[in-house]
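Reader: I am new to this structure and would like to understand one part of it well. Please take a close look at how its strands are arranged, and at what sits beside them.

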Amino acid sequence: MAGKKSGNAAKGQPALTHLDAAGEARMVDVSSKPATERVAVAEGCVVMSKATLDLIVSGNAKKGDVLGTARVAGIMAAKRTSDLIPLCHPLALSKVTLDIVPDRKLPGCVVRATVKVTGPTGVEMEALTAVTVACLTIYDMIKAAERGIRIEGIHLVEKKGGKSGHYRAS
C-alpha cells in the first residue's frame, strides 16, 4: 500500500511500495484503491547530426518512415509495459499518444508520450516505456546512417490523478 513503510524504509523516507516487510519484491495490491482518471506524460530525445535528421524529415531513410514506425512502436510498448517491467500491473489503457517532433536546434527528435487510464494505479511506467521504445526505434531505423546517435533525457514530465496527486517536473 502506498504510504506505508516497508520493513527497511528509513525514518522520514518514503516507503518503497514494491518491497514487503522482509524486503522481498512484490506486486502492490491495488484492489482497495478507487478507480480514478490518471494521466502521465513522459519525454525524451534522440540527438543526431543535422544530416541524419534531414534523412528522417525528407523521408529518405533506407528503412522507411522513421517517425511513423517509432510512433506505432511506442504505442505498442505502452500496451505491453507489464510484460517488460516485472511488478507493473496490466492496465486497460484508454489513450496513448506519441508526438515526435524534429528539432533542428538539437539536432534530433523530441519524443513525448501521453498515456491515460481510469483505474486504481498510475500510468507513469507506460508513458516512460512508450518514450523509451520510440527512441530506440528511431535509433534502430537510422543507425546505418550514423552510429553516434544519443538517446537522452527520458523523464516523467507530468502525472495527474491518484492519491499522490499532481506532479509536474520543474
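The sheet and its surroundings

Author: In strand 3, Val110 is the residue that stands opposite Val101. The model is a predicted one, in which local features need pLDDT of at least 70 and side-chain atom pairs count only at pLDDT 80 or more, while totals for chains, interfaces and linings use all residues. Residues are numbered from 1 along each chain as its sequence is written, and side-chain values use heavy atoms, with hydrogens and water left out.

Strands here are DSSP runs of E with at least two residues, and helices are runs of H or I with at least four, each numbered from the N terminus; two strands pair if DSSP finds at least two bridges between them. Strand 2 and strand 3 are joined in the antiparallel sense by nine bridges, and they form a hairpin with four residues between them.

Taken as a whole, the sheet is open and has five strands in the order 2-3-1-4-5, with antiparallel pairing. Strand 2 (95–103) and strand 5 (167–168) each have a single partner strand and stand at the edges, so one side of each lacks a neighbour in the sheet. Strand 5 pairs with strand 4 (residues 150–160) in the antiparallel sense over two bridges, and Tyr167 in strand 5 has Lys159 opposite. Helix 4 (residues 124–142) packs on the sheet and touches strand 1 (36–47), strand 2, strand 3 (108–119) and strand 4, where contact means heavy atoms within 4.5 Å.

Some side chains add charged links, called salt bridges when a side-chain nitrogen of Lys or Arg is within 4 Å of a carboxyl oxygen of Asp or Glu. Arg168 and Glu158 meet in one of these, at 3.0 Å from N to O; because Arg168 lies in strand 5 and Glu158 in strand 4, the pair ties together parts that are 10 residues apart in sequence. Glu158 is buried at 14% relative accessibility, given that buried means under 20% relative accessible area, exposed over 50% and partly exposed in between, with a 1.4 Å probe and protein chains only.

Another salt bridge joins Arg104 to Asp54, whose closest N and O atoms are 2.6 Å apart. Arg104 is in the loop between strand 2 and strand 3, and Asp54 is in helix 1 (residues 50–58), so this pair links distant parts of the chain, 50 residues apart. Both are partly exposed, Arg104 with a relative accessible area of 48% and Asp54 with 37%.

Key
Axes are lines fitted to C-alpha atoms, for helices over the stretch in contact, and angles run from 0 to 180 degrees between N-to-C directions.
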